[in-house]
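Student: Please take a close look at one part of this model, the helices that pack against each other in sequence. Set it in the context of the whole chain first.

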Amino acid sequence: MESIVTDLVEVMKKETNFLARERAMMIFFTQLITTITQLAFQTLDEEICAQCKKEGFRVDRKSERTITFLFGTVTYVRRRMKNQANDIRYPLDEFLGIRKGLRYSSLVLRNVSQLGSIMVYRHVSQAIDCLTSWQMSHQNVQQLVVKTGELVQTRSTHESRYDGVIIKKKVPYLYLEGDGVKIGGQKKQSLEVHRFQVCEGSQKVGNRSEMIAPHFVSHLNRQKAYKEMMAYLQAYYDLSHTVVISNSDGGSGYEKAVFDELALGCLRHEHFRDRYHVHRKIKERMPFVPQLQHRMIRAIEHYDWQEVQLVLDTSESLIEEKEAEALEHLRLLHHYLQRSWPYLKSLKARGIRDPQACIGTIESTHRKITYRMKRQGRLWTKTGAQAMIRVIDSLRNQEFEGWLNQYEALPDDVVAQEKRWQAMKRWVQKKPNFQAHEGAFKGQMGEGKAKSAPLGQFAKGLNQLIMTPNYL
């Protein structure tokens with residue numbers, strides 16, 4: 001300890017200003033921690049490998065590996081072990097949770113991905129440079145987020161992910177919503193994020209309202225998002241005594257029939273048209289009579305079709321010189337309200353009196369995705385967008401750390417597929433054994449054929465065809 005203090009004092013004396021002195025102290029402590037960590041890893045490797053030998057493994061060889069932790073970069077030597085079945089393990093890597101092909105620890109994956117979900121990759125790179133003793137380019141940040149998103153997606157979408165759920169929840173009301181949001185894609189493509197969310201209601205926390213037990217599912221493929229939400233509902237909830245209340249804008253893929261399937265087996269299903277989209281439609285179709293827009297919204301809230309028809313007639317009478325465009329707007333609004341009318345009745349009018357009712361919130365929950373993925377003209381590849389979506393949803397569902405804490409805890413079929421792929425790759429890369437070539441044999445037809453006969457003419461042409469060139 002005394003020698004460490006003496007060395008630290010000497011390091012501090014060498015610098016002449018405050019910033020340089022503190023930077024030198026940071027480098028000193030980083031080097032000290034990495035040295036101690038190397039020695040600790042060496043001791044751990046010996047203890048863990050001794051346990052593996054009892055399980056039938058033997059030391060195959062030693063190899064060096066460099067891993068970046070939050071406290072610094074550590075280079076250490078660990079043992080590779082193999083059993084009679086040729087199963088290969090790196091016990092120290094498994095103990096530390098360091099995955100194959102990565103140069104960063106699990107905590108670095110977690111923190112960088114969380115930062116990447118709320119700020120651009122260049123800002124994440126700058127934050128790392130400012131707050132740690134090591135650096136990471138924004139390209140590396142992107143690769144790390146994509147790798148983490150794929151890792152989480154593999155674990156969170158497999159069929160066996162809900163095998164541990166034994167007791168299902170029984171709740172009186174369940175609120176289910178779905179909607180899509182557009183984001184910019186590279187190469188002039190437009191990507192759509194399909195989202196479903198479910199919660200058990202809302203509650204007051206201070207001056208704000210928060211959803212109770214929310215769960216979010218997002219995907220670039222609507223069918224996959226739908227199947228994930230279906231699997232979640234069937235795994236966690238017993239819907240036989242539950243009233244499912246769904247809400248959507250009625251767009252393609254979000255019709256009432258879709259939510260009927262999600263609410264399969266429930267006590268009762270009530271579907272609503274999203275009020276935000278209804279109000280926006282009214283303002284879009286009635287811009288020439290702004291004084292009647294509020295009256296139309298109030299008529300819908302009271303569920304009074306006669307008042308709605310009266311407002312439409314009044315709007316038509318106020319159109320100057322029967323403008324064709326305004327008449328077309330009113331006609332489209334009339335048809336839209338007719339289609340949506342069964343879904344505009346209020347909760348109270350349907351006999352639902354839940355003090356914790358939570359409906360019409362999906363537009364506000366888009367913000368986690370839109371704030372990160374839509375601003376400043378950002379363009380995404382499908383792989384990068386899907387990885388970012390998965391990271392954001394896992395963080396919101398509080399599942400992110402749980403999936404990252406599973407070291408190679410993949411389902412058996414995924415592990416078997418990976419082993420088959422590796423075996424095939426090794427077989428293809430093998431250099432084939434050299435075989436000496438005996439050369440080409442010259443063939444000719446037997447003698448005794450008349451040269452004027454057809455068979456003789458054929459034999460003559462064949463000999464000319466396979467004649468060896470003079471330059472060989």
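Tutor: The radius of gyration used here is taken over C-alpha atoms, and the globule rule is 2.2 Å times the number of residues to the power 0.38. The model is predicted. For 472 residues a compact globule would come out near 23 Å, whereas this protein has a radius of gyration of 34 Å. Along the principal axes, the C-alpha atoms fill a box of roughly 105 × 105 × 55 Å. The secondary structure comprises 18 helices and ten strands.

Now the helices. Two packed helices are described by the angle between their axes and the distance between the axes. Helix 10 covers residues 293–301 and helix 11 covers residues 305–317; they pack at an angle of about 165°, with axes 8 Å apart. Angles over 145 degrees count as roughly antiparallel, and helix 10 and helix 11 are therefore roughly antiparallel to each other. Their crossing is left-handed. On the side of helix 10 the contact is made by Arg295, Met296, Ala299 and Ile300, which meet Glu307, Val308, Leu310, Val311 and Leu312 of helix 11. By class, this contact has seven nonpolar residues, two charged and no polar ones.

Helix 11 also packs with helix 12, residues 324–340: the two axes come within 10 Å and cross at roughly 170°. Helix 11 and helix 12 are therefore roughly antiparallel to each other. From helix 11, Trp305, Val308, Gln309, Leu312, Ser315 and Glu316 take part, and they meet Leu327, Leu330, Leu333, His334, Leu337 and Gln338 in helix 12. The residues of this contact divide into seven nonpolar, four polar and one charged. Val308 and Leu312 of helix 11 appear in the contact with helix 10 and again in the contact with helix 12.

Elsewhere in the chain, a helix packs on a sheet. Three strands form this open sheet in the order 1-2-3, with antiparallel pairing. Strand 1 (58–69) and strand 3 (88–89) are at the edges with a single partner strand each, so one side of each has no neighbour in the sheet. Helix 2, residues 18–54, packs on the sheet and touches strand 1, strand 2 and strand 3; its direction makes about 10° with that of strand 2. Strand 2, residues 72–82, pairs with strand 1 over eleven bridges in the antiparallel sense. Within the sheet, valine 59 stands opposite methionine 81 of strand 2.

Technical notes: Residues are numbered from 1 along each chain as its sequence is written. This is a predicted model: local features need pLDDT of at least 70, side-chain atom pairs count only at pLDDT 80 or more; totals for chains, interfaces and linings use all residues. Side-chain values use heavy atoms; hydrogens and water are left out. Two strands pair if DSSP finds at least two bridges between them. Helices (H or I, at least four residues) and strands (E, at least two) are DSSP runs, numbered from the N terminus. Contact means heavy atoms within 4.5 Å. Axes are lines fitted to C-alpha atoms, for helices over the stretch in contact, and angles run from 0 to 180 degrees between N-to-C directions. Angles under 35 degrees count as roughly parallel, over 145 as roughly antiparallel, 65 to 115 as roughly perpendicular and the rest as oblique. A crossing is left-handed if the near helix is turned anticlockwise from the far one by less than a right angle, and right-handed if clockwise. Ala, Val, Leu, Ile, Met, Phe, Trp, Tyr, Cys and Pro count as nonpolar, Asp, Glu, Lys and Arg as charged, and the others, Gly among them, as polar.
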